[in-house]
Amino acid sequence: MKKQYFLGLFLFLIPLLCVGQKELKKNEQSDQTKDKNFIQFVNPFIGTKKMGHTFPGATVPFGMVQLSPETNNPSMFKDGKYNGDVYKYCSGYQYEDQTIFGFSHTHFSGTGHSDLGDFLIMPTTGKLILEPGDIQNPGSGYHSQFSHSTEYAEPAYYKVKLDDYKILAELTATERVGFHQYTFPKSDSAHIILDLISNIYNYDDKNVWTFVRLENDSTITGYRQTNGWARTRIVYFAMRFSKPFVSYGHKKYDKSMYGGFYRRFNEGENFPEMAGKNIRAFFNFKTEENEKIKVKFALSAVSTNGAIKNMEVEIPNWDFEKTKQESQKKWNDELSKTIIETQSPADKITFYTALYHTMLSPVIYEDVDGNYRGLDQNIHQSDGFTNYTIFSLWDTYRALHPLYNILQPKRNTDMIKSMLAHYEQSVHKMLPIWSHYSNENWCMVGYHAVSVIADAMVKGNIDFDTKKALESCINTSTCKYFDGLEYYMSIGYVPEDKSSSSVSKTLEFAYDDWCIAQIAKINGNDETNKNYIKRSRNFENCFDPKFGFMKPKTSNGKWLPEFDPLYTEGQGFIEGNAWTYSLFVPHDIERLIQLNGGNNQFIQHLDSLFTMKLDDKYIAKNEDITRDGIIGNYVQGNEPGHHIPYLYNWTDKPWKTQERVRMIMNTMYGNNVDGLCGNDDAGQMSAWYVFSALGFYPVCPGSDQYAIGSPSIIKATLHLENGKTLIINTINQGAKNVYVQKVTINGKEIKRHYLLHSDIVNGGEITFHLGNKPSKTKF
């Protein structure tokens, strides 16, 4: 009886167990599916308030099109002087605004100077108004009020309600094409304005020439040439509507005295070509209630034919939702290479948004057929690589490109090949300093393309001509007329009376020279290696042992007499002061510690940097440094000091690095609109966070070592391009458990405060054991 009872009970329970298992599997699959939607963890509005200078619009990873709203249109100059308000609009968008002037197709992400803002489109209804109007005066132009309650953004998608016109605007994009979808009310006077005057960092003479032609009743092509940060920048376009317009026209705002025999035409209305410096075009429609008008807008640096081909290849249909989903899949594929578990949902959003921001630039800069406009303004064909532009190298050599050597190695070598193409096309025979859109804009100091090349080579990411790379580095670093190099090469430093920001230049040249030495070493060129190792020691020529800081010298070898180490302006430094730049010797930190009096004094110096008070007067003249990014006298909100928290690793108190890094992540980053403490600077600020959250940082790009910090994640899984998988684990993770007790790699404890690149790219498991008290022993 007992056997029969248990058998019956067993047979009764089997279906229930099966149902339970199926339900469990169903729930597990549901969770896994949910976890695969990584775009849900990205908030494109992070950094759109105050100093972040990010944009919320639609783009794909490394896409040439960044289709995003402009919330103001300030001029770069006011009453003949620089207008400081323009700085807030480097990306075209400020979260605190309540107006939208339209949607343009090109934007920098996070920069501290600007350009672009090409081809602004604005849908309207009612009386046609072609002037944009004043942000302080609603209704004064074609701009519209909006509310954040009807605004939404996620990777590759943006939407907002234009309150003045009751139009719902939706945007998505592919690499080279912006896709607009506007839902109109019923109207006999619906318009789509194409504002070809609008620019970011605009001024009266920025437009050099504009040309537009109508190919048919729904397709428009043209180009615009501008003289801004890039002084010879040409962008072609093709614009196609989903329905024919009923009429069209344009208004020319030129002051030209001569129009040739075009005066025989009424060019302003229904005339199929438009040309001039400053033009606003309009296209008129009749719409039914909730009718959608779609616009595909393709870009090319080559030709209008190139733009049309880009459009036809990338968006051959009118399915907005399909394009959106395909573009979001591209984001999901990239984001899913790094899978993390975090201590809070907010941390996950902060991390994935930072990772998202690291993939907004550099951008693809060639047509689908591989044609691109080179630095020489000729048309070239990329051969064996994809051409990229927007190289903010003073910022991005520090962490962004090192991050690519882990997560995007193929893309990074393509970027290096793009830099080498720039070198070949350069009349100066130089690598890019800060380049965008077939132009060198010469912003900032150093020649940090050499750092990007060295870092890739040292880490084995070599798919380019290393001898040509060395040649380009040597020629760049010996161009006498660039930034005081003539003096640097002859007397070992840049004199302040001959070239401003002289100390920053000397220190950054010295580091770059060390990078060139590594490139020479890999190439087996011993003589060049020795020469550049010698040059790399030039930082010592700026150190004043009596004063204890790096200081500017004049050409007669004397120290600058009037000097204050706290000021960021006029003291021989760029976007930093002596406290920050005196700690910039990433390639010889041991010598830096010696110059500062040894271990104990160096620790005291670092402690003082983080705890001292910095008066507002010391940063008043520098728009790139604000209170939002300052801890004591340490500036996380700007790049020169990003390595500094990790310098304790070279002392007997490495736990202070762990403490500082966690504190910076917790206080300087967040998941809100003001979640960046300074300009994101083309992804560098975000790359710092990604590295630090994972537990290590490239203090010296060009070395194969990463300084250990204190990871904020619980666990991370990195799916590497070489097919390997790296798992980063933490034991005893917690808000107070910031101190690393030991680190193991594949179960074996290491006795060093750095990871090797091979520890990462070979895959396996790195485990950080954490605690709430500093480890006094060298782990």
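Start by selecting strand E16 (residues 247-252) and E18: 6 bridges join the two, and they run antiparallel. Strands and helices here are DSSP runs numbered from the N terminus, with at least two residues for a strand (E) and at least four for a helix (H or I); two strands pair if DSSP finds at least two bridges between them. Show His250 and you will find it opposite Ala281 in E18.

Before moving on, keep in mind that this is a predicted model, where local features need pLDDT of at least 70, side-chain atom pairs count only at pLDDT 80 or more, and totals for chains, interfaces and linings use all residues. Residues are numbered from 1 along each chain as its sequence is written, and side-chain values use heavy atoms, with hydrogens and water left out.

**Stay on E18**

Extend the selection to the whole of strand E18 (residues 279-287), which is mostly covered, with 8 of its 9 residues buried. Buried means under 20% relative accessible area, exposed over 50%, and partly exposed in between, using a 1.4 Å probe and protein chains only. Now add strand E12 (residues 187-195), which pairs with E18 in the antiparallel sense over 7 bridges. His191 has Asn284 in E18 as its bridge partner.

**The nine-stranded sheet**

Next, colour the strands E8-E9-E10-E11-E19-E15-E14-E13-E17; in that order, these 9 strands form an open sheet with antiparallel pairing. Strand E8 (152-154) and strand E17 (273-276) are the edges; each has a single partner strand, so one side of each lacks a neighbour in the sheet. On average, neighbouring strands of this sheet are turned by 15° against each other, direction ignored.

Zoom in on strand E15 (residues 233-241) and strand E19 (residues 291-300), an antiparallel pair joined by 6 bridges. Arg240 sits opposite Lys296 in E19.

Which helices lie across these strands? Switch on helix H2 (residues 304-314): it lies across strand E11 (177-184), strand E14 (219-226), E15 and E19, at about 50° to E15. Helix H3 (residues 320-335) lies across E8, strand E9 (157-162), strand E10 (167-173), E11 and E19, and runs at about 45° to E10. Axes are lines fitted to C-alpha atoms, for helices over the stretch in contact, and angles run from 0 to 180 degrees between N-to-C directions.

**A hairpin and its extra partner**

Jump to strand E34 (residues 715-719), which pairs with strand E20 (residues 338-341) in the antiparallel sense over 4 bridges. Thr338 stands opposite Leu718 in E34. E34 also pairs with strand E35 (residues 725-731), again antiparallel, over 5 bridges, and here Thr717 faces Ile727 in E35. The E34-E35 hairpin has 5 residues between the strands, and Gly723 takes a positive phi near 90°.

**Two helix crossings**

Select helix H4 (residues 345-357) and helix H17 (residues 684-694): their axes come within 8 Å and cross at roughly 130°. That makes H4 oblique to H17; angles under 35 degrees count as roughly parallel, over 145 as roughly antiparallel, 65 to 115 as roughly perpendicular and the rest as oblique. For the contact itself (heavy atoms within 4.5 Å), show Asp347, Thr350, Phe351, Ala354, Leu355 and His357 in H4, which meet Ser686, Tyr689, Val690, Ala693 and Leu694 in H17. By class, that contact of H4 with H17 has 7 nonpolar, 3 polar and 1 charged residues. Ala, Val, Leu, Ile, Met, Phe, Trp, Tyr, Cys and Pro count as nonpolar, Asp, Glu, Lys and Arg as charged, and the others, Gly among them, as polar.

Now compare helix H7 (residues 409-425) and helix H9 (residues 466-476), which pack at about 55° with their axes 11 Å apart. H7 is therefore oblique to H9. Leu420, Tyr423 and Glu424 in H7 meet Lys468, Ala469, Glu471, Ser472 and Asn475 in H9.

Is Ser472 buried or exposed? It is buried, with a relative accessible area of 0%. Not counting residues up to four places away in sequence, Ser472 touches Leu420, Tyr423, Leu431 and Ile453.

**Last stop: Ser91**

Finish in the loop between strand E3 (81-82) and strand E4 (99-100), where Ser91 lies. Ser91 counts as buried at 1% relative accessibility. Leaving aside neighbours within four places in sequence, its contacts are His53, Thr54, Phe55, Glu70, His107, Phe108 and Ile200.
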